[in-house]
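Me: I am new to this structure and would like a close look at one part of it. Please take the pockets, and then go on to the cysteines.

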Amino acid sequence: MSILTRLRCITLDVTGTLIAYKGELGDYYCMAAKAAGQQCPDYKRVHEGFKLAYTEMAKKHPCFGFAEKIPNIVWWKTCVRDSFVQAGYEYDEETFERIFRRIYSTFGSSAPYSIFPDAIPFLRWLRESGVTVGLVSNAEYRYQDVILPALGLNQGSEWDFGVFSGLEGVEKPDPRIYEIALKKAGNVAPGEVLHIGDSMRKDYLPARSVGMHALLLDRFKTADAVDWRKSGATVLPDLSATKDWLTSEKLKCGDM
């Protein structure tokens, strides 16, 4: 008996599992600055500035300001402004507004993302096999409403339900986000659910902590994957290999 026959639901992380960023953050910040008549900022400084600014915003106002009801655009405007300041760039209000509007619009579209070629076939195969498919992501509402549909990942054809931190007020690695997923799946038993992601801390450990099964994808051959395997986690290169793993008749219960 294959592992797939013992599952009623499979949840997946989004970024790094189904889709990936195209290019570098600096590419989009540079294009926005140039469009506003400014010089292209240094890529490395902007990237580091963004990491600092995003970490600080996520700490002060988690889940994109969900609890405080901060408008999404306001949350991101503060984050982008601080990214430039951390990188050593400050603009007058009019100039910054032009730069920000372009950045906000770009990252609210499919432009900065690419979809892995095995994503749609895998998701459709799961649903055709009678498995409920859920998405669990630390993302804001535009992922659900705009970005994923624009990439061909539509609710009702590729996935059944989504749990997005900006809409739920809970984010990974908080195990509660996986408990929400279980409820949205129809209150299925955790032992009948598998979560697929690319982070030991955000995906594997919290999913396992609520009783779900879990596996990790190593699409980019990260050095961390060595430790993942040593810890006992199932680690696979992509979703094509995951399909083979799910349908194998040779695996035992302990292999999941």
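Which residues line the second largest pocket?

Reply: The model is a predicted one. The lining of the second largest pocket is made up of Gly16, Asp198, Ser199, Leu217, Asp218, Arg219, Phe220, Thr222, Asp224 and Trp228. Sorted by class, these are 4 charged, 3 polar and 3 nonpolar residues. The space in this second largest pocket comes to about 180 Å³.

The largest pocket holds about 1400 Å³ of space. Its lining has 48 residues, and those nearest the centre of the pocket are Thr15, Tyr21, Phe50, Tyr54 and Asn138. By class, the lining of the largest pocket has 25 nonpolar, 13 charged and 10 polar residues. Several elements contribute at least two residues each, among them strand β2 (19–21) and the helices α1, α4 (72–87) and α10 (200–209). Helix α2 gives the largest share of this lining, with 8 residues. Residues of the lining come from both domain 1 (3–20 + 115–247) and domain 2 (25–108), so the largest pocket lies between the two domains.

Now the cysteines. The structure has 1 disulfide. This bond joins Cys30 to Cys40, with 2.0 Å between their sulfur atoms. Cys30 sits in helix α1 (residues 25–35), while Cys40 sits in the loop between α1 and α2 (43–60), and the two are 10 residues apart. The torsion about their S-S bond is about -135 degrees, and the disulfide between Cys30 and Cys40 is therefore left-handed. As for exposure, Cys30 has a relative accessibility of 7% and counts as buried, because that is under 20%. Cys40, at 32%, counts as partly exposed, because this value lies between 20% and 50%.

Two further cysteines can be set beside this pair. The cysteine sulfur closest to that of Cys63 belongs to Cys79, and at 14 Å it is too far away for a bond. Cys79 is in no disulfide, and for this residue the nearest cysteine sulfur is that of Cys63. Cys63 is buried, with a relative accessible area of 5%. Cys79 also counts as buried, at 0% relative accessibility.

Definitions and conventions: Residues are numbered from 1 along each chain as its sequence is written. This is a predicted model: local features need pLDDT of at least 70, side-chain atom pairs count only at pLDDT 80 or more; totals for chains, interfaces and linings use all residues. Side-chain values use heavy atoms; hydrogens and water are left out. A disulfide is a pair of cysteine sulfur atoms within 2.5 Å. Helices (H or I, at least four residues) and strands (E, at least two) are DSSP runs, numbered from the N terminus. Buried means under 20% relative accessible area, exposed over 50%, partly exposed in between (1.4 Å probe, protein chains only). On a 1 Å grid over the protein atoms alone, a cavity is a set of points where a 1.4 Å probe fits but cannot get out, and a pocket is an open set with protein on both sides within 12 Å along at least five of seven lines; lining residues have an atom within 4 Å of a point. Grid points are joined across faces, edges and corners, and a volume is the space filled by probe spheres set on the points. Ala, Val, Leu, Ile, Met, Phe, Trp, Tyr, Cys and Pro count as nonpolar, Asp, Glu, Lys and Arg as charged, and the others, Gly among them, as polar. Domain bounds come from an automatic or database domain assignment.
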